[in-house]
Amino acid sequence: MVLSFRPQGIYCEAGDFFIDPWKPVDRALITHGHADHARPGHARYLATGPAAPVMHHRLGDITLETVAYGETRRIGDASVSFHPAGHVPGSAQIRVEVGGEVWVVSGDFKTAPDRLSEPFEPVRCHSFISECTFGLPVFTWADEDAVAAQINAWWAENAANGIFSLLGAYSLGKAQRVMSLLDPSIGPILTHGAVENTNAVLRAQGLELPDTVHVSPDLDPKVFPGALVLAPPGALGSSWARRFRPGTTGFASGWMRLRGVRRRRAVDRGFVISDHADWPGLNAAIKETGAENVFVTHGYTDIFARRLNESGYNAQVVPTEFTGETLDDEPMTDGPE
Amino acid sequence: MKQFTALYTALDQTTKTSVKVTELARYFGIAPEEDKLWCVALFSGRRPKRAVTTTKLREWAAERAGIPLWLFEESYPIVGDLAETIALVLPEASRDQDEDLSTWIARLRALGVEDDAARKAAVLEAWDQMSAQERLVFNKLLTGGFRIGISRKLMTRALAQATGRDEAELAHRLMGDWTPDTVSWETLIEAEDAGADLSRPYPFCLAYGLEDAPETLGDPSDWLAEWKWDGIRGQLILRGADHFVWSRGEELMTDRFPELARARDFVPDGTVIDGEIVAWDGSAPMPFNALQKRIGRKTVPKTLLKDAPVIVLAYDLLEENGVDLREMPFAERRARLDTILGTLPEDAPLRASSVLPFKSWKTLADLRDTAREERAEGLMIKRASSPYHTGRKKGDWWKWKLDPLTIDAVMIYAQQGHGRRANLFTDFTFAVRDGNELVPFTKAYSGLTDAEFRKITAWVRKNTLQRFGPVRQVRAEHVFEIAFEGIAESTRHKSGVSLRFPRMKRWRHDKPVQEANTIEDLRQMLAQYG
């Protein structure tokens, strides 16, 4: 086995390193900067160059070495390379080769392109460790332009009626992706501090985002009639959001595909947009790896593994501590989707 | 269908009632008459007869989506709604349609006489020309059930807004035994003579629960009190030498309660009475579960007629000699009711629910404490001068129920909810202690906050001992206070009891399992209150 599953996380014995470990280890290879993948406390980190600024922002002064996409590193007896996962800017799948046998850890990934992330690249391998957050046939995503049109139409209508559009989106990745879809001619874009902090990090590394106004405590909302307000989902129902009245709420997430979830969140509008692969995307990605063995982690793992086995793969479920596993652990408020 | 889908989507996308009313009113302003009629019918629970079984729909949807049936079935509970699951798994349409709602409904109903092959072809063809949202609406038409938070009151308000007609009058027009086949928009909503249907009930006047002390109601002499019975609220209508019995859920129940036909022998034609249908032991109401045996049956076997005969405990008079009395003060309606019922023989299937005399709120409170002995669940307090309102209006009618019975029980099984609660564990089975054993005795679904449901859901996932299909056996660790309205002996339950309206009153974080109540406690409650 090139990779094995240990209590600390996914482990490579040949190179003596872990991938996205959830307990402190000596050497951690990190797929991307979301909190459930890039945890504090490791002695040494390795990640892609574009993932580094966010990791420094979140984890502070860590020992972080960077690597370019496609560049091969030798670690012990293992050859390691990082390949775009299309999830958020800087996100990677990690390829590990030992003695001619190739394993790939997908991290979180999305096959459809967006306007910010490096587009997903399929990587051939023998064994593939895949997330399956949305591993059910009910999850299919419309293309990004269609969602952009929905969000802009919603915003424009609200702006015409003189009401604020409060849109909940996870502050790293989703919020910026939503911003990349907005039509700034409709009105001003206001941002919650959590979103604006990430904006600053990503702008500094050269990503183009529309102009935004940070909602500081002394900001007068009246100066920005018809504004769209981007905030982490948890802030929508809080006193922070109360200054934007009259207002209507929206939520950008793959879970919005399900009416039940949308109604439980009691938001006025749900926009179906996710940084994870949908059902066709998952199946196509796995097929393109050419892998025989598939290990599925967070998501609808039991169901997805059964379907893969039925389709001729040798699939099994691997328990991990990555979040986004269920709707009910509130992945939308305090963890990446 | 595009207009109706847009309406459905707009209604579904908002939680604000004012927006819902506006959207409905707008629809009533623009839609063709036949579509409007169907819209009113659908939102008031009058759905087209199911032309295709849901089993077939699942098979066809899975086949069309290119997925095995098991995968469809696994997806369904996660989505929580069958019509929606189908809409979501199907591939995108190859073309578009723009036909009226009523046209689609007519097409659906015509399928009833076709064979399965023809039905399948028609349904697949329909799916192939609809967006996901249109499919959802179409599937809802197929499977029945449009529960999207449109109350009768809300729809009536929108109709009033769109037509400029009086809300109460419209509410009355929408009552009763009509379908889009038997009326037109014109006769239902607009024609002057709307009272032609003899069976039509009046909209029920509904009470609010009394939350403050009764002293806040002011002078006791302004009020009349009566027992609040635990039966089925119903309207008994005697018109045209015939009789009709309606439930508050607006179900025509005449045939289920044949003994009420004899009311015609005692009460003059042109009378409408509001009261409680209860099973009667000759001197008092029987526990609700006696009546329950009667509810599900359309035809009643003789033994059941003998074991659980029903009567109406009457408390209001809405029509006398064919004249609508609803604007008359309650005290006067009540006096007229007593005049009609005063001369009835003992064996009449109709009795007055007594007006309870009280001089002060204190005496009424003492009376309320004896409600269980009277087989009542509390008191009704009604303002003597009040009209018979349409629907729920605050201020004139109050229900003052007894505090529920409670017992501390251990959660042992959990199951996921549906719809809004899909993917949350919300349906639980509770047990009481019996030595070292746990004996299940009730299920409960409601009473916790969303935050508590999320918390218990996370816990259930980590503490599942065994799975039985959708049901999970969990570690016996959490104690909940279960509140309920009544307890009765039951041979169908292992514990030997069944509860009325069980719900979770509190999550007793402070109580270990060893301090939960026992089967002995439950039996004592049965002896005392059963």
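Visitor: Which residue with positive phi follows helix 7 of chain A?
Guide: Good place to start, and please keep in mind that this is a predicted model. Helix 7 of chain A is followed by a glycine. Its phi is near 100°, and the residue is Gly312(A).

Visitor: Which elements do the buried residues of helix 7 of chain A pack against?
Guide: Let's begin with the buried residues themselves: in this helix they are Thr301(A), Ile303(A), Phe304(A), Ala305(A), Arg307(A) and Leu308(A). Their partners come from both chains. From chain B there is helix 5 (69–79), and from chain A there are strand 11 (127–132), strand 18 and strand 19 (314–317).

Visitor: Is Val294(A) buried or exposed?
Guide: First find Val294(A) in strand 18 of chain A, which covers residues 293–299. Setting aside neighbours within four places in sequence, Val294(A) is in contact with Phe128(A), Ser130(A), Ile286(A), Leu308(A), Tyr313(A) and Ala315(A). Now count C-beta atoms: 20 or more others within 10 Å make a residue buried. Val294(A) has 23 of them, so this residue is buried.

Visitor: What distance separates the C-alpha atoms of Val294(A) and Asn309(A)?
Guide: Along the chain, these two residues are 15 residues apart. In space, their C-alpha atoms are separated by 9.1 Å.

Visitor: Which helix of chain A gives the largest share of the side that touches chain B?
Guide: The contact between the chains takes 20 residues from chain A and 27 residues from chain B. On the chain A side, helix 5 (259–265) and helix 7 (301–310) each supply at least two residues. The largest share is four residues, and it comes from helix 5 of chain A.

Visitor: And how many charged residues does the side of chain A that touches chain B have?
Guide: Sort that side of chain A by class: seven residues are nonpolar and two are polar. The charged residues number 11.

Visitor: Over in chain B, how is helix 4 oriented to helix 8?
Guide: Look for helix 4 at residues 54–65 of chain B and helix 8 at residues 116–127 of chain B. Their axes lie 11 Å apart, and the packing angle is about 55°. With that angle, helix 4 of chain B lies in an orientation to helix 8 of chain B that counts as oblique.

Visitor: How many charged residues does the contact of helix 4 of chain B with helix 8 of chain B have?
Guide: Helix 4 of chain B brings Lys56(B), Trp60(B) and Arg64(B). Helix 8 of chain B meets them with Asp116(B), Lys120(B), Val123(B), Leu124(B) and Trp127(B). By class, this contact has four nonpolar residues, no polar ones, and a charged count of four.

Visitor: Which strand of chain B gives the most to the largest nonpolar core?
Guide: The largest nonpolar core has 202 residues, and those with the most contacts inside it include Ile30(A), Ile94(A) and Val278(B). The top contributor gives eight residues to this core. You will find it at residues 310–320 of chain B: strand 7.

Visitor: Why does Leu291(B) count as buried?
Guide: Leu291(B) has its place in helix 14 of chain B, residues 288–295. Among its contacts beyond four places in sequence are Gly231(B), Val278(B) and Val310(B). A residue is buried when 20 or more other C-beta atoms lie within 10 Å. Leu291(B) counts as buried because its C-beta neighbours inside 10 Å number 21.

Visitor: Which residue does a cis peptide bond join to Arg245(A)?
Guide: Look at the loop of chain A between strand 15 (228–231) and strand 16 (247–252). There, a proline is joined to Arg245(A) with omega about -5°. That partner is Pro246(A).

Visitor: Is Asp20(A) buried or exposed?
Guide: Asp20(A) sits in the loop between strand 3 (17–19) and strand 4 (27–29) of chain A. Although it is not a glycine, Asp20(A) has a positive phi of about 50°. Asp20(A) has 24 C-beta neighbours inside 10 Å, so it counts as buried.

Visitor: How many other C-beta atoms lie within 10 Å of Phe501(B)?
Guide: Phe501(B) is in the loop of chain B between strand 21 (497–500) and strand 22 (503–507). Its phi is positive, near 50°, though the residue is not glycine. Phe501(B) is partly exposed, and its number of other C-beta atoms within 10 Å is 14.

How values were computed
Residues are numbered from 1 along each chain as its sequence is written. Chains are lettered from A and ligands numbered from 1 in the order in which they are written. This is a predicted model: local features need pLDDT of at least 70, side-chain atom pairs count only at pLDDT 80 or more; totals for chains, interfaces and linings use all residues. Two residues are in contact if their C-beta atoms, placed from the backbone, lie within 7 Å. Ala, Val, Leu, Ile, Met, Phe, Trp, Tyr, Cys and Pro count as nonpolar, Asp, Glu, Lys and Arg as charged, and the others, Gly among them, as polar. A residue is buried if 20 or more other C-beta atoms lie within 10 Å of its own, exposed if 12 or fewer, and partly exposed in between; C-beta atoms are placed from the backbone. Axes are lines fitted to C-alpha atoms, for helices over the stretch in contact, and angles run from 0 to 180 degrees between N-to-C directions. Angles under 35 degrees count as roughly parallel, over 145 as roughly antiparallel, 65 to 115 as roughly perpendicular and the rest as oblique. A nonpolar core is a set of buried Ala, Val, Leu, Ile, Met, Phe, Trp, Tyr and Cys residues joined through C-beta atoms within 7 Å.
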